[in-house]
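Consider the model shown here. The paragraphs after it lead through its interior and its open space.

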Amino acid sequence: MATIERTENPTWLSNAYLVVGENRRGVLIDGNDELGPLLERIERDAIEITHVLVTHPHGDHVAGLTEARERLGNPPLVAHPECAAELPDEVAVTLGDGDKLDAGGLEIEAIHTPGHAAGHLAFLVDGGDVFTADVLFKGTVGGTMAPGGSGFADLKASVMRLMELPPETRVHPGHREPTTIGAEWESNPFVRVWRGLEETGAEEVSVWERPATLKLWAPDYDGGNKAWIVFADDGLEAIVGGSQVVRP
């Protein structure tokens with residue numbers, strides 16, 4: 001089984017990961033400007049990094065990757081084609097939905113999970129660990145109004161597709177602590193509503209001075225809240241940070 005090490009940026013709470021197989025070959029997944037401990041582990045244990053994987057192009061998930069790759073001898077960058085177009089460094093390998101990559105003995109399957117970003121990928125490693133970035137977190141889901149987001153319907157479909165993985169699959173999100181597919185299937189408030197186990201709300205609120213209906217108010221990974229809302233003026237559904245919602 002692969003060894004997984006994580007660093008978390010203290011401001012953004014975003015994660016970067018080192019995934020290493022039994023042969024001391026592995027990959028980096030995402031950048032968070034806190035890659036130092038991972039690079040030190042790589043150098044100390046003489047780990048060969050075969051690829052650097054990028055889930056999506058937002059700044060809190062790519063910070064420091066250019067410098068890290070230079071320090072490691074510029075291993076090839078891997079991303080979805082739509083993500084690759086937004087990265088400053090050249091992407092050597094583009095992966096679409098269902099594509100697989102042999103990374104020094106690790107089998108990595110790309111799962112296209114749009115919603116938070118159009119070119120967003122989750123990476124399933126050796127069938128047992130999935131790196132979900134900003135689509136699925138412990139107890140919550142990603143927002144849909146970030147730059148490059150492809151919308152609520154995509155986000156919901158991506159989350160529910162991940163729910164089809166075996167319940168024991170370990171989930172390594174883009175922010176904060178790990179979880180499992182089984183735990184999120186049972187207790188994630190968004191998943192429970194989308195499964196038809198809970199009802200949605202109908203509280204009238206405003207978001208960015210636009211009237212909206214609050215369908216779900218749930219805890220978020222940062223100690224705040226995440227909200228599923230529907231704008232009254234055009235019927236657009238969205239998932240936004242709770243700080244954007246003005247409640248009566």
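The account below turns to a sheet, then to the nonpolar cores, and lastly to the largest pocket.

The structure is a predicted model. Five strands are arranged as an open sheet with antiparallel pairing, in the order E20-E19-E18-E17-E21. Because E20 and E21 (245-246) stand at the edges with a single partner strand each, one side of each has no neighbour in the sheet. Further in, strand E18, residues 210-219, is joined to E19 by 7 bridges in the antiparallel sense. Within E19, Asn225 is the residue that stands opposite Pro219.

Strand E18 also contributes to the largest nonpolar core, as do strand E11 (121-125), helix H4 (152-162) and helix H6 (189-194), each giving two or more residues. This core comprises 24 residues, and Val159, Leu162 and Trp194 have the most contacts inside it. Helix H4 provides the largest share, 5 residues. Leaving aside residues up to four places away in sequence, Trp194 touches Val141, Phe152, Leu155, Lys156, Val159, Met160, Trp228 and Ile239. A second core, separate from this one, has 21 residues, among them Ile42, Val62, Ala79 and Ala84.

Which strands each supply at least two residues of the lining of the largest pocket? They are E19 (225-231) and E20 (237-241), and E20 gives the most, with 3 residues. The pocket holds about 450 Å³ of space. Its lining consists of 24 residues, with Gly143, Asp220, Tyr221, Lys226 and Gly241 nearest the centre. By class, the lining has 12 polar, 7 nonpolar and 5 charged residues.

How values were computed
Residues are numbered from 1 along each chain as its sequence is written. This is a predicted model: local features need pLDDT of at least 70, side-chain atom pairs count only at pLDDT 80 or more; totals for chains, interfaces and linings use all residues. Side-chain values use heavy atoms; hydrogens and water are left out. On a 1 Å grid over the protein atoms alone, a cavity is a set of points where a 1.4 Å probe fits but cannot get out, and a pocket is an open set with protein on both sides within 12 Å along at least five of seven lines; lining residues have an atom within 4 Å of a point. Grid points are joined across faces, edges and corners, and a volume is the space filled by probe spheres set on the points. Helices (H or I, at least four residues) and strands (E, at least two) are DSSP runs, numbered from the N terminus. Ala, Val, Leu, Ile, Met, Phe, Trp, Tyr, Cys and Pro count as nonpolar, Asp, Glu, Lys and Arg as charged, and the others, Gly among them, as polar. Two strands pair if DSSP finds at least two bridges between them. A nonpolar core is a set of buried Ala, Val, Leu, Ile, Met, Phe, Trp, Tyr and Cys residues joined through side-chain atoms within 4.5 Å. Buried means under 20% relative accessible area, exposed over 50%, partly exposed in between (1.4 Å probe, protein chains only). Contact means heavy atoms within 4.5 Å.
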